[in-house]
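This report introduces a protein model to a reader who has not met it before. Please examine the sequence and the structure shown here before reading on.

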Amino acid sequence: MSDASPAIEVRDLVKIYSGHTAVSKISFTVARGEILGFLGPNGAGKSTTMRILTGYLPATAGEVNVCGVPVASRSAEIKKLIGYMPENNPLPEDMRVSEYLHFRGRLKEIPRRKLSLRLDEVLELCDLTRVRHRIIGKLSKGFRQRVGIAEAILAEPPVIIMDEPTIGLDPHQILIVRDLIASLRGRMTVIISSHILPEIEMTCDRVLIINQGRVVAAGTPADLRREVFGQSRYHLEIAGEIAATLPAALTQIEPTLHIASSGEPDAAGFRKLILTSAREDDLGDTLLHALATDGRFRVRALNRAQPSLEDVFLAATKRGWETVDAPASK
Ligand SMILES: Nc1ncnc2c1ncn2[C@@H]1O[C@H](COP(=O)(O)OP(=O)(O)OP(=O)(O)O)[C@@H](O)[C@H]1O
Ligand SMILES: [Mg+2]
């Protein structure tokens with residue numbers, strides 16, 4: 001293992017299941033200590049990619065290295081470098097929580113004298129201490145889910161891969177898992193997949209949006225907003241000589257500022273407008289001050305419209321569909 005290599009390198013990864021392409025030339029790198037979120041609609045290829053990364057599924061083509069170790073030829077070694085929580089994680093129904101984790105810890109070759117201390121720590125971290133003596137088969141779904149998370153982090157491997165770690169958890173438990181993942185930042189490299197976008201936004205340093213087996217967008221949530229929407233938007237409620245004077249007044253404030261849409265005036269004479277600008281920094285303060293002191297307008301409300309990660313996701317997956325996979329127009 002070389003310390004200079006990135007935690008994960010994926011190059012031109014392809015997976016074809018009996019004629020069906022699930023992953024189509026995906027490439028990405030994850031730095032050590034980084035938390036990466038995998039986003040994508042159902043069937044996008046997230047779980048397939050994760051299973052290949054962890055050495056549980058052979059790729060059709062392409063290359064994956066984890067901490068500099070090639071997955072294809074050294075999958076036994078890879079399994080020690082990665083804590084993996086698979087989708088629909090199967091757990092033994094008849095074992096007790098601590099008994100199971102103890103057993104997994106031994107398999108992961110955690111020395112016996114360290115194991116019981118680490119077990120207590122992980123049970124606490126995953127809020128499982130009060131069910132440690134319960135039979136796994138009698139636990140609710142959310143508790144089982146957390147047993148899977150506990151197992152993934154147990155041996156403190158350099159890389160953690162969790163396929164939808166918060167699926168089926170209640171809001172309180174989602175918070176616990178989110179804090180848990182955040183506590184790994186900088187210490188371990190983490191990849192999580194999720195459909196809960198605000199959660200990805202709060203937890204992840206970087207996001208990869210996958211659609212139909214391809215990466216359609218990658219970057220920090222802020223990068224993605226910029227890349228996908230390319231401009232900032234403002235909602236403005238304003239009264240005055242809009243059509244005749246506002247466009248010129250806006251251009252004077254900032255040359256790229258335009259009216260994108262304009263509503264009808266209400267009883268008090270205020271219209272709701274949407275403004276766009278190529279400027280990425282927040283123009284709100286400047287805009288409000290300039291319009292208020294201009295004398296020709298009255299402003300009732302102004303706020304910057306932040307597209308949510310949901311908007312980014314919908315736009316990026318739609319774009320990927322159209323630009324990458326749509327048949328050429330006839
Ligand atoms: N064992 C398999 N045999 C054949 N096709 C498969 C197999 N596993 C997955 N697929 C197909 O590969 C594609 C990608 O599936 P995958 O499970 O990786 O998607 P996903 O992004 O994890 O979706 P979800 O959000 O629903 O979990 C899908 O079209 C799926 O039907
Ligand atoms: Mg999946």
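## Nonpolar cores

In this predicted model, Val-147 touches Leu-91, Val-97, Tyr-100, Leu-101, Leu-128, Ile-136 and Leu-139, not counting residues up to four places away in sequence. The largest nonpolar core has 49 residues, and of these Val-147 and Ile-209 touch the most other members. Helix 5 (residues 141-154) supplies the largest share of this core, namely seven residues. A second core, separate from it, consists of 29 residues, among them Ile-26, Ile-52, Val-66 and Ile-210. In soluble globular proteins, nonpolar side chains tend to be buried together.

## An open sheet and its helix

Four strands form an open sheet in the order 12-13-11-14, and their pairing is antiparallel. Strand 12 (258-262) and strand 14 (297-305) are the edge strands, each pairing on one side only. On average, neighbouring strands of this sheet are turned by 30 degrees against each other, direction ignored. Helix 10 (residues 284-294) packs on the sheet and touches strand 11, strand 13 (271-277) and strand 14. The direction of helix 10 makes about 170 degrees with that of strand 14.

Strand 11 (residues 232-240) and strand 14 run antiparallel and are joined by eight bridges. Leu-236 stands opposite Leu-302 in strand 14.

## The magnesium site

Which residues are the protein donors of the magnesium ion (ligand 2)? They are Ser-47, through OG, and Glu-87, through OE, lying 2.0 to 2.2 Å from the ion. The pair links distant parts of the chain, as the two residues are 40 residues apart. Ser-47 belongs to helix 1 (residues 46-53), while Glu-87 lies in the loop between strand 6 (82-85) and helix 3 (97-107). Ser-47 has a relative accessible area of 15% and is therefore buried, the limit being under 20%. Glu-87, by contrast, is partly exposed, with a relative accessible area of 38%.

## Residues with a positive phi

Two residues that are not glycines are listed here with their positive phi values.

| Residue | Phi | Location | Relative accessible area |
|---|---|---|---|
| Lys-25 | about 60 degrees | strand 2 (residues 20-30) | 57% |
| Glu-164 | about 55 degrees | loop between strand 7 (159-163) and helix 6 (171-184) | 9% |

Is each of these side chains buried or exposed? Lys-25 is exposed, because its relative accessible area of 57% is over 50%, whereas Glu-164 is buried at 9%.

Methods
Residues are numbered from 1 along each chain as its sequence is written. Chains are lettered from A and ligands numbered from 1 in the order in which they are written. This is a predicted model: local features need pLDDT of at least 70, side-chain atom pairs count only at pLDDT 80 or more; totals for chains, interfaces and linings use all residues. Side-chain values use heavy atoms; hydrogens and water are left out. Two strands pair if DSSP finds at least two bridges between them. Axes are lines fitted to C-alpha atoms, for helices over the stretch in contact, and angles run from 0 to 180 degrees between N-to-C directions. Contact means heavy atoms within 4.5 Å. Donors are N, O and S atoms within 2.8 Å of the metal (3.2 Å for Na, K and Ca); water is not among the atoms, so sites may look incomplete. Buried means under 20% relative accessible area, exposed over 50%, partly exposed in between (1.4 Å probe, protein chains only). A nonpolar core is a set of buried Ala, Val, Leu, Ile, Met, Phe, Trp, Tyr and Cys residues joined through side-chain atoms within 4.5 Å.
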